[in-house]
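This briefing introduces one protein chain to a reader who has not met it before. Please look over the sequence and the model first, and then follow the topics below.

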Amino acid sequence: MTAIQLNAEMLRNMSIIAEDENLLKRAAKYLRKLVMEKQADPTEFSREEFLARIEKARKQPGRQFANVSELDNYIRSL
């Protein structure tokens, strides 16, 4: 299903519940919950933040890593 189709389905469903205030409140509460889950994702970095972390790590000489996992853990700790 494409984004356009999903959007159309969402609008059709909203038009069905638009006259029921309780259903609208429940839908709004659930949507807020979804937004909070998206915002709370600790693994999601902006491009600028990611590049800043890499640059900070580059400025610290002498660090070598045995594997990618070790490097990943180090970058996340910055």
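Helices and strands are taken here as DSSP runs, with at least four residues for a helix and at least two for a strand, and they are numbered from the N terminus. On that basis, the chain, which is a predicted model, has four helices and zero strands, so that its elements, read from the N terminus on, run α-α-α-α.

**Overall form**

- The radius of gyration of the chain is 21 Å, whereas a compact globule of 78 residues would have a value near 12 Å.
- Taken along the principal axes, the box that the C-alpha atoms of the chain fill is roughly 65 × 25 × 20 Å.

**Surface and charge**

- Of the 78 residues in the chain, 6% are buried, and the area that the chain exposes comes to about 7100 Å², with carbon and sulfur atoms supplying 57% of it.
- The chain carries 14 positive and 12 negative charges, and the mean positions of these two sets are 4 Å apart.

**Helix α1 and M10**

- M10 has its place in helix α1, which covers residues 3-17.
- Because partly exposed describes a relative accessible area between the 20% and 50% cut-offs, M10 counts as partly exposed at 45% relative accessibility.
- Between M10 and S69 there are 40 Å in space, C-alpha to C-alpha, and the two are 59 residues apart in sequence.

**Helix α2 and its cap**

- Helix α2 spans residues 21-39, and its 19 residues reach 27 Å from the first C-alpha to the last, which is close to the 27 Å expected at 1.5 Å a residue.
- The N-terminal end of α2 is capped by D20, from which a side-chain oxygen lies 3.0 Å from the backbone nitrogen of N22.

**Helix α3 and R47**

- R47 belongs to helix α3, which is made up of residues 47-58.
- With a relative accessible area of 63%, R47 is exposed, because exposed means over 50%.
- R47 and R58 are separated by eleven residues in sequence and, from C-alpha to C-alpha, by 17 Å in space.

**Helix α4 and V68**

- V68 is found in helix α4, which runs over residues 68-77.
- The relative accessible area of V68 is 66%, and V68 is therefore exposed.
- V68 and A8 lie 43 Å apart in space, C-alpha to C-alpha, and are 60 residues apart in sequence.

Note on methods. Residues numbered from 1 in each chain as written. Predicted model: local features only at pLDDT ≥ 70, side-chain atom pairs only at ≥ 80, totals over all residues. Heavy atoms only, no water. Expected span 1.5 Å × (residues − 1). Polar contact = N/O pair within 3.5 Å; in protein donor to acceptor, adjacent residues only side chain to side chain. Rg over C-alpha atoms; globule rule 2.2 N^0.38 Å. Buried < 20%, exposed > 50% of the residue type's maximum accessible area, 1.4 Å probe, protein only. Areas by Shrake-Rupley, 256 points an atom, 1.4 Å probe, with all protein chains shown as cover. Lys, Arg positive; Asp, Glu negative; His and termini not counted. Charge placed at Lys NZ, Arg CZ, Asp CG, Glu CD.
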